[in-house]
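Please look over the structure shown here before reading the report. Attention to its helices and its charged side chains will help.

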Amino acid sequence: MTLLKSLRHFVGYHRILLSGGVVAVLCFFAAPTRSSIFAGIPIILLGEGVRIWSSGCLTKNRALSRSGPYALVRHPLYLGNFLIGVGFSVTSGRAALVVLFAAAYGAIYYATIEEEEKALRERFGREFEAYASQVPRLIPLRIPFPQKGAGFQWTRVKDHREYKTWVAIGVLLAFMVVKSYYVA
């Protein structure tokens, strides 16, 4: 395994820990204001909405998800993460942190997506190749024809433990609000 592949595997495998480091840097350097918090909240909610929709349509490791948000992009959960991160970067009140987040996200999730798609190719073969040739990775570029699929189910959202994301969002928003009183 080459050094680049080893690094990509390490980053993809440890994305949660690395993302936590990015959040810690963001929180440390944040200088939130009331207006920056209100500006970031809609972006955060949009991102979490994408994650909920994605989780409710995902049949992880049983079938290749191609309906709902998976008809728009191959990795809608990661698109949701990106939007949530941009939203929190906006709440920080510092434009440099938005740029830092975007760069860190790009590095972490490029490796993560490469690793995940390697596993999907091994698991689903030609079915994944056909899907990948029709649906972009992360940025929706077209409106697709509706796909039949498993459909949205709240039980999947619960099974994928999306409530942990809700808790994290609540804690980080509370932190930004509290910090806004001490920074101002």
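What follows is a short account of one helix and of several salt bridges in this predicted model.

Helix 3 covers residues 34-57, and because its 24 residues should span 34 Å at 1.5 Å a residue, the 35 Å between its end C-alpha atoms agrees with that expectation. The helix has a kink of about 25° at Ile 41, shortly before the proline Pro 42.

Side chains of opposite charge can pair when their charged atoms come close. In this model the count comes to eight salt bridges, among them the three in the table.

| Pair | Closest N to O distance |
|---|---|
| Arg 51 and Glu 48 | 3.9 Å |
| Glu 117 and Arg 74 | 2.8 Å |
| Arg 137 and Glu 117 | 3.0 Å |

Arg 51 and Glu 48 both belong to helix 3, where they lie three residues apart, about one turn of the helix, and both are buried.

The salt bridge of Glu 117 with Arg 74 joins helix 5 (residues 95-124) to the loop between helix 3 and helix 4, so this pair ties together parts that are 43 residues apart in sequence. Both Glu 117 and Arg 74 are buried.

Glu 117 also meets Arg 137 in a salt bridge; Arg 137 lies in the loop between helix 6 and helix 7 and Glu 117 in helix 5, so this pair ties together parts that are 20 residues apart in sequence. Arg 137 counts as partly exposed because its relative accessibility is 26%, whereas Glu 117, at 1%, counts as buried.

Arg 74, Glu 117 and Arg 137 are part of a network of salt bridges that also links Glu 114, Arg 121 and Glu 129.

Methods. Residues numbered from 1 in each chain as written. Predicted model: local features only at pLDDT ≥ 70, side-chain atom pairs only at ≥ 80, totals over all residues. Heavy atoms only, no water. Helix = DSSP H or I, 4+ residues; strand = E, 2+ residues; numbered from the N terminus. Expected span 1.5 Å × (residues − 1). Bend = angle between axes of the 7 residues up to and from the residue. Salt bridge = Lys/Arg side-chain N within 4 Å of Asp/Glu carboxyl O. Buried < 20%, exposed > 50% of the residue type's maximum accessible area, 1.4 Å probe, protein only.
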